[in-house]
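Please look through the fold below from the whole chain down to a few individual residues, keeping the sequence and the model side by side.

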Amino acid sequence: MITTLNELKRGESGIIISYNGKGELRKHLMEMGFVRGSNIEVKRIAPLGDPMEVKIKGYSISLRKEEAVNIEVEVT
């Protein structure tokens, strides 16, 4: 099943299919490992739903939902 990262629930994981954002944020996320084929797991979601903590390439990062909506993942 293919969806966007912001739709995943706590504990779910997937493989990054594509990143649809533009500009400096896209470049920055790609430099941190948000590239096609990378495994990603949702670790925590803030009580109000934003931001979310994900684990990728062995480290954790917090993303806002507006950033996560641009990342397509295949749920594993």
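Buried residues make up 34% of the 76 residues in this predicted model. The accessible surface of the chain amounts to about 4,700 Å², and carbon and sulfur atoms contribute 49% of that area. Among the contacts with a separation of 6 or more, 61% are accounted for by residues that lie 24 or more positions apart.

The secondary structure consists of two helices and six strands, which follow one another along the sequence in the pattern β-β-α-β-β-β-α-β. The radius of gyration is 11 Å, close to the 11 Å that the globule rule gives for 76 residues, so the chain is as compact as a globular protein of that length. Taken along the principal axes, the box filled by the C-alpha atoms is roughly 30 × 25 × 20 Å. As for charge, the chain carries 12 positive and 11 negative charges, and the mean positions of the two sets are 3 Å apart.

A walk through the middle of the sequence can begin in the loop between strand S3 (39-45) and S4, where proline 51 is found. The peptide bond that leads from aspartate 50 into proline 51 is cis, with omega near 5°. In general, most peptide bonds are trans, and most residues other than glycine have a negative phi. The second of these tendencies has its own exception in the loop between S4 and S5, where lysine 57 lies: lysine 57 is not a glycine, yet its phi is positive, at about 55°. The relative accessible area of lysine 57 is 55%, and because the threshold for an exposed residue is over 50%, lysine 57 counts as exposed.

Between these two loops runs strand S4, which spans residues 52-56 and includes glutamate 53. Is glutamate 53 buried or exposed? Its relative accessibility is 16%, and since buried means under 20%, glutamate 53 counts as buried. Leaving out residues up to four places away in sequence, glutamate 53 touches Glu41, Val42, Lys43 and Arg44 as well as Ser60, Ile61 and Ser62. With serine 60, the side chain of glutamate 53 also forms a polar contact of 3.2 Å.

Serine 62, another of the residues that glutamate 53 touches, has its place in strand S5, which covers residues 59-63. Apart from residues up to four places away in sequence, serine 62 touches Met52 and Glu53. Although serine 62 and methionine 52 are ten residues apart in sequence, their C-alpha atoms are 5.4 Å apart in space.

Methionine 52 also leads on to helix H2, because alanine 68, which belongs to that helix (residues 65-68), is in contact with Met52 and, beyond its neighbours within four places in sequence, with Thr4, Leu5 and Asn6. Alanine 68 counts as buried, at 0% relative accessibility. From alanine 68 to isoleucine 56, the separation is twelve residues in sequence and 13 Å in space, C-alpha to C-alpha.

Technical notes: Residues are numbered from 1 along each chain as its sequence is written. This is a predicted model: local features need pLDDT of at least 70, side-chain atom pairs count only at pLDDT 80 or more; totals for chains, interfaces and linings use all residues. Side-chain values use heavy atoms; hydrogens and water are left out. Helices (H or I, at least four residues) and strands (E, at least two) are DSSP runs, numbered from the N terminus. The radius of gyration is taken over C-alpha atoms; the globule rule is 2.2 Å times the number of residues to the power 0.38. Buried means under 20% relative accessible area, exposed over 50%, partly exposed in between (1.4 Å probe, protein chains only). Contact means heavy atoms within 4.5 Å. Accessible areas come from the Shrake-Rupley method with a 1.4 Å probe; for residues, only the protein chains shown count as cover. Lys and Arg count as positive and Asp and Glu as negative; His and the chain ends are not counted. The place of a charge is taken as NZ of Lys, CZ of Arg, CG of Asp or CD of Glu. A polar contact is a pair of N or O atoms within 3.5 Å; within protein, one must be able to donate a hydrogen and the other to accept it, and residues adjacent in sequence count only if both atoms are side-chain atoms.
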